[in-house]
Amino acid sequence: MTTLNGKTALVTGSTSGIGLGIAQVLAQAGANIALNGFGDTNAALAAIQATGAKVIHHPADMRKPQEIAAMFAMVHEHFGTVDVLVNNAGIQHVSPIETFDPQKWDDIIAINLSSGFHTTRHALHGMRARNWGRIINIASVHGLVGSAGKAAYVAAKHGLVGLTKVTALETAKTGVTCNAICPGFVLTPLVQKQIDDLAAREGLSPDDARAHLLGEKQPSGRFVTPEELGNLALMLCSPLAAEVRGATWAADGGWTAQ
Ligand code: NAD
């Protein structure tokens, strides 16, 4: 059983979906939790409090480096350290390149990629000083392969995989590791929107749209769950994974095995 007693985990974009699922698993393992993100903050705080863990929330917008710095200041003030950093915040926008809204491109690159650079920058100093740290970047199968219509997302996730490798190399002789988890489809609000759009576009029922989306890409025919990704993150935090460095760990129901 991996224990994170006395350690602090900061999970970006953790008021919903995968981030909240990962935060819950890390909280159950004993970590103090710093949540971030928008929406129903109280429900997310309550979900972590239910595990008995200490939890705070900071609403930093991951597009804004100054707000990211303020978030780190708050976490340090409350808990003293950031031992586990999970770069999870992300958004999606689907459109062919010719009609892709340039503002959406900038937002996706800022949230899904550049925020990971800023958080890593802030986290590394303390992790190096304590000679222990775990940086887990939630990339995607789209950090490994492309899909039409997802130019900004695929570019950002490939970039995040690159940042993961460089962070792993720069910390290779220390007790700090950096790895990427590359999920396939997980049924969160981010994917529900794609299902709703597909159903409207093709005149499909919600069930048929879900089956169509999975059938096209994910051989397992089922969604990966946030809890499964939380358990993978916990494994990367364990001593068993001390020499797992710069890996891109797919959890994708076989998507990228094809
Ligand atoms: P989600 O929409 O359920 O959650 C996204 C989270 O990010 C929310 O907490 C939201 O408030 C937060 N967020 C959005 N914009 C933000 C901003 N500007 N600043 C701070 N927080 C912000 O999405 P999800 O599906 O749980 O996605 C989480 C991560 O997992 C993303 O990086 C996504 O790319 C990745 N991912 C998702 C899937 C999937 O199938 N759902 C697959 C692979 C990778």
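Buried residues are those with under 20% relative accessible area, exposed residues have over 50%, and partly exposed residues fall in between (1.4 Å probe, protein chains only). Helices (H or I, at least four residues) and strands (E, at least two) are DSSP runs, numbered from the N terminus. The structure is a predicted model, in which local features need pLDDT of at least 70 and side-chain atom pairs count only at pLDDT 80 or more, while totals for chains, interfaces and linings use all residues. Residues are numbered from 1 along each chain as its sequence is written, and side-chain values use heavy atoms, with hydrogens and water left out.

Helix H8 (residues 226-237) has 12 residues and spans 17 Å from its first C-alpha to its last, close to the 16 Å expected at 1.5 Å a residue; the expected span is 1.5 Å times one less than the number of residues. The buried residues of H8 are Leu229, Gly230, Leu232, Ala233, Leu234, Leu236 and Cys237. These buried residues pack against H1, strand E4 (84-87), strand E5 (133-138), strand E6 (176-183) and strand E7 (248-251), where contact means heavy atoms within 4.5 Å.

Helix H4 comprises 29 residues and reaches 41 Å between its first and last C-alpha atoms, close to the 42 Å expected at 1.5 Å a residue. A bend of about 45° occurs in H4 at serine 114, the bend at a residue being the angle between axes fitted to the seven residues ending there and the seven starting there. At the start of H4, a side-chain oxygen of aspartate 101 comes to within 2.9 Å of the backbone nitrogen of glutamine 103. This pair is a polar contact, defined as a pair of N or O atoms within 3.5 Å; within protein, one must be able to donate a hydrogen and the other to accept it, and residues adjacent in sequence count only if both atoms are side-chain atoms. Aspartate 106, also in H4, is partly exposed at 46% relative accessibility. The C-alpha atoms of aspartate 106 and serine 238 are 35 Å apart, with these positions 132 residues apart along the chain counted as their separation.

H4 is followed by asparagine 131, which belongs to the loop between H4 and E5. The phi of asparagine 131 is near 55°, a positive value in a residue other than glycine. Most residues other than glycine have a negative phi. Asparagine 131 counts as partly exposed because its relative accessibility is 45%.

Within H4 (residues 102-130), asparagine 112 is buried, at 3% relative accessibility. The side chain of asparagine 112 reaches the backbone oxygen of isoleucine 91 at 3.0 Å. Beyond its neighbours within four places in sequence, asparagine 112 is in contact with Ala89, Gly90, Ile91, Tyr153, Ala156, Lys157 and Leu160.

Two of these contact partners, Tyr153 and Lys157, also take part in polar contacts with the ligand. A polar side-chain atom of tyrosine 153 lies 2.5 Å from an oxygen atom of the ligand, and a polar side-chain atom of lysine 157 lies 2.9 Å from a ligand oxygen atom. The protein covers 93% of the 830 Å² of accessible area that the ligand has on its own, with areas obtained by the Shrake-Rupley method with a 1.4 Å probe; for residues, only the protein chains shown count as cover. A nitrogen atom of the ligand is 3.0 Å from an N or O atom in the side chain of aspartate 61. Of the 30 residues around the ligand, Ser16, Asn88, Tyr153, Val186 and Thr188 come nearest, a residue being near if one of its heavy atoms lies within 4 Å.

Asn88 is also linked to threonine 12: the backbone nitrogen of asparagine 88 lies 2.9 Å from a polar atom of the threonine 12 side chain. Threonine 12 is located in the loop between strand E1 (8-11) and helix H1 (17-28) and is buried, with a relative accessible area of 1%. Apart from residues up to four places away in sequence, threonine 12 touches Asn36, Met62, Met71, Val86, Asn87, Asn88, Ala89 and Thr119.

Valine 55, in strand E3 (residues 55-58), is buried at 16% relative accessibility. Residues up to four places away in sequence aside, valine 55 touches Ile33, Leu35, Leu45, Ile48, Gln49 and Phe79.
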